[in-house]
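Student: I'd like to learn how to read a model like this one, feature by feature. Can we go through it together?

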Amino acid sequence: MVLSTISGLSTGLGGLIVVFFGSPSKSTMGFMLGFASGVMLYVSFLDLLPETIEVVGMIYAHVWFVIGMIFFHILTYLVPEPDPSTLETKDIKDAKLWVTSIIVVVGLMLHNIPEGMAVYLSAMKGWKLGLTIAISIALHNLPEGTVVAVSMYAATKSKWAAIKWSFISGVCEPAGAIAFGLFLQSVLSEFAVYCMLAAVAGMMTYICIRELIPHAITNMGSKFKTLLSNLMGMGAIFAL
């Protein structure tokens with residue numbers, strides 16, 4: 001619960017950074033996204049998936065891995081995440097920008113629910129793994145907070161609104177963890193928990209392939225730099 005709260009509130013931290021220091025440089029955002037993708041891929045393929053295979057077998061582990069990817073693909077299709085560049089450059093009326101900003105917040109809230117569940121499930125396996133995934137998701141959430149803050153400030157010209165809504169957008173992450181803990185944990189067998197951990201690995205892999213790595217390449221303007229940041233993320237987890 002504490003870990004999911006930390007990773008969720010990092011969205012608000014992204015909003016604070018924008019309000020008080022301005023938007024981070026593209027290279028900085030790209031590095032954070034590349035680093036986070038390295039952490040997620042390392043945990044998915046060298047921790048979650050191998051251990052799940054030992055418990056539930058090769059077939060079930062990979063089936064649930066694919067289910068996790070499909071689930072997040074459907075979620076992304078139904079509620080696509082915003083492109084920060086389009087939010088900062090569109091010349092539209094404040095009323096329309098306000099509606100756009102609310103859509104951004106709702107979209108990020110829906111994306112954060114399964115991320116909160118992922119942190120909770122990982123923490124069930126061990127605090128070290130839970131902390132690792134919480135940190136990687138927090139790095140992923142920081143740029144999302146900047147998106148919310150930029151769009152809200154453009155619509156309202158209020159720093160308070162920018163900060164408030166960037167924090168609100170991250171609330172669903174601990175809420176997802178709470179809902180899972182209260183209603184699902186008691187009825188899940190060990191087999192089901194490990195199947196869901198394989199699904200978490202699939203979700204994180206999809207996030208890396210679909211969102212983090214492409215955005216990192218775009219922001220840093222270099223596939224080689226993205227690869228280096230990715231390897232640094234993997235190396236950091238390996239050293240722990």
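Student: Which residue follows α9, and what is the sign of its phi?

Tutor: Keep in mind that we're looking at a predicted model. The residue after α9 is Gly221, and its phi is positive, near 70 degrees.

Student: What about the helix itself? What length should α9 span, and how far apart are its ends?

Tutor: The general idea is to take a rise of 1.5 Å a residue and compare the expected span with the distance between the end C-alpha atoms. Helix α9 covers residues 190–220, so its 31 residues should span 45 Å, and the ends are 42 Å apart, which agrees. Try α8 as well: its 12 residues should span 16 Å, and its end C-alpha atoms are 16 Å apart, so that agrees too.

Student: Where does α9 bend, and by how much?

Tutor: At Cys208, by about 45 degrees. That cysteine has 0% relative accessibility, so Cys208 counts as buried.

Student: Is Cys195 buried or exposed?

Tutor: Buried, because its relative accessibility is 2% and the cut-off for buried is under 20%. As for disulfides, a search of the whole structure turns up 0.

Student: Let's zoom out. How many helices and strands does the chain have?

Tutor: There are 10 helices and 0 strands, so to speak a plain α-α-α-α-α-α-α-α-α-α when you read along the sequence. Of the 240 residues in the chain, 48% are buried. For the contact picture, take residues at least 6 apart in sequence: 86% of their contacts join residues at least 24 apart.

Student: How do I read a nonpolar core? Which residues have the most contacts inside the largest one?

Tutor: As a general idea, nonpolar side chains in soluble globular proteins tend to be buried together. Here the largest nonpolar core has 44 residues, and those with the most contacts inside it are Met40, Val43, Leu48, Ile133, Met204 and Leu212. The elements giving two or more residues to this core are α2 (26–56), α3 (58–78), α5 (94–125), α6 (127–156), α8 (172–183) and α9. The most comes from α9, with 14 residues.

Student: Take Leu48. Which residues is it in contact with, leaving aside neighbours within four places in sequence?

Tutor: Leu48 is in contact with Val43, Lys125, Leu129, Ile133, Leu197, Val200, Ala201 and Met204. There's also a second, separate core of 9 residues, including Val18, Val150, Met152 and Ile163.

Student: Thr52 caught my eye. Where is it found, and what does it touch?

Tutor: Thr52 is in helix α2. It has a relative accessible area of 0%, so Thr52 is buried. Not counting residues up to four places away in sequence, Thr52 touches Gly57, Ala61, Tyr194, Leu197 and Ala198.

Student: Which residues are buried in α8?

Tutor: Cys172, Glu173, Pro174, Gly176, Ala177 and Phe180 are buried there.

Student: Now the rings. How many aromatic pairs are there?

Tutor: A pair of aromatic rings is described by the distance of the centres and the angle of the planes. The count here comes to 4 aromatic pairs. In one of them, the rings of Phe45 and Phe65 have centres 5.7 Å apart and planes at 55 degrees, so the pair is tilted. Phe45 lies in helix α2 and Phe65 in helix α3, so this pair ties together parts that are 20 residues apart in sequence. Phe45 counts as partly exposed at 39% relative accessibility, whereas Phe65 is buried, with a relative accessible area of 9%.

Student: Why is the pair of Tyr60 and Phe191 called edge-to-face?

Tutor: Because the planes are at 85 degrees, and over 60 counts as edge-to-face; the ring centres are 5.2 Å apart. This pair links distant parts of the chain, with Tyr60 in helix α3 and Phe191 in helix α9, 131 residues apart. Tyr60 is partly exposed at 45% relative accessibility, and Phe191 is partly exposed at 37%.

Student: One last residue: is Phe72 buried or exposed?

Tutor: Phe72, which lies in helix α3, counts as buried at 0% relative accessibility. Phe72 and Pro114 are 42 residues apart in sequence and 8.5 Å apart in space, C-alpha to C-alpha.

Methods
Residues are numbered from 1 along each chain as its sequence is written. This is a predicted model: local features need pLDDT of at least 70, side-chain atom pairs count only at pLDDT 80 or more; totals for chains, interfaces and linings use all residues. Side-chain values use heavy atoms; hydrogens and water are left out. Helices (H or I, at least four residues) and strands (E, at least two) are DSSP runs, numbered from the N terminus. The expected span of a helix is 1.5 Å times one less than its number of residues. The bend at a residue is the angle between axes fitted to the seven residues ending there and the seven starting there. A nonpolar core is a set of buried Ala, Val, Leu, Ile, Met, Phe, Trp, Tyr and Cys residues joined through side-chain atoms within 4.5 Å. Buried means under 20% relative accessible area, exposed over 50%, partly exposed in between (1.4 Å probe, protein chains only). Contact means heavy atoms within 4.5 Å. A disulfide is a pair of cysteine sulfur atoms within 2.5 Å. Rings of Phe, Tyr and Trp (its six-membered ring) pair if their centres lie within 6.5 Å; planes under 30 degrees apart count as stacked, over 60 as edge-to-face and the rest as tilted.
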